[in-house]
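User: Can you walk me through one helix in this model? Short answers are fine.
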Amino acid sequence: MSTEPVTLMVARRVRDGRYHDLLAWLHEGEQLAADFPGYLGSGVLAPPPGDDEFQIVFRFADEQTLDVWEHSASRRAWLQRGSDLFGQPHEQRARGIDTWFGNNDSTPPPRWKQSVAIWLAFFPVSLLFNMLFGGVLSELGLVARILISTLALTPLMTYLFIPLSTRLLAPWLTAAPRPGLRPAKSAVSAR
């Protein structure tokens, strides 16, 4: 079993317009998971306009603590209570950066695309944080400012903004290079 944090990502489609019922049920599941040892956090991402697929993320300290929660009687009862609210779910586990880019079924995007997606999430959130709190934090020393900003921004980036960025950029991140496009030869190598 792994000793690094593990994330379980579940996609569930709303059945028959039961949006609010499903949302309440998903939040109940978050509260349930929070009672288990090893629970590190969770979140629910609502579908974009025109879609009906919710994303829910559960993060645990390691495989063992996730397994205990996954196979618990209380989780089985929760799943049973919500079974008429959603269609067939899709679940996947991921570790580390895999939680943001791809899964075991696909090849992750090139690192440069991953970097762009992370930067596109990080820059505006970091800028906004500094605009809102920079004045207050300017009274503190450098180490304290960095400590506070990273403590505040890391969970937001990990659970909300980077997953949102990668979801919005998914077509670009997973796009295969176009055949026939080759880098131009430099004038030196063409001679």
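Analyst: Sure. First, a definition: the expected span of a helix is 1.5 Å times one less than its number of residues. Also, this is a predicted model.

User: OK, α4. What would a straight helix of 27 residues span, and what does α4 span?
Analyst: A straight one would span 39 Å. Helix α4, residues 111-137, spans only 33 Å between its end C-alpha atoms.

User: Where is the kink in α4 centred?
Analyst: On M131. The kink is about 45 degrees.

User: Which residues of α4 are buried?
Analyst: K113, Q114, A117, A121, V125, S126, F129 and L137. The cover over them includes α5 (142-168) and α6 (170-174).

User: Why does V125 count as buried?
Analyst: Because its relative accessibility is 14%, and buried means under 20%.

User: What does V125 touch, leaving out residues up to four places away in sequence?
Analyst: L153, M157 and F161. The C-alpha atoms of V125 and F161 are 8.1 Å apart. Along the chain, 36 residues separate the two.

User: Switching to pockets. What volume does the second largest pocket have?
Analyst: About 170 Å³. Its lining has 13 residues. F122, S126, S149, T150 and L153 lie nearest the centre.

User: Which helix gives the largest share of that lining?
Analyst: α5, with seven residues. Both α4 and α5 supply at least two residues each.

User: And how many of the lining residues are nonpolar, polar or charged?
Analyst: Five are nonpolar, seven are polar and one is charged.

Key
Residues numbered from 1 in each chain as written. Predicted model: local features only at pLDDT ≥ 70, side-chain atom pairs only at ≥ 80, totals over all residues. Heavy atoms only, no water. Helix = DSSP H or I, 4+ residues; strand = E, 2+ residues; numbered from the N terminus. Bend = angle between axes of the 7 residues up to and from the residue. Buried < 20%, exposed > 50% of the residue type's maximum accessible area, 1.4 Å probe, protein only. Contact = heavy atoms within 4.5 Å. 1 Å grid on protein atoms, 1.4 Å probe; cavity = no way out; pocket = protein on both sides within 12 Å on 5 of 7 lines; lining within 4 Å. Points joined across faces, edges and corners; volume = space filled by probe spheres on them. Nonpolar A, V, L, I, M, F, W, Y, C, P; charged D, E, K, R; others polar.
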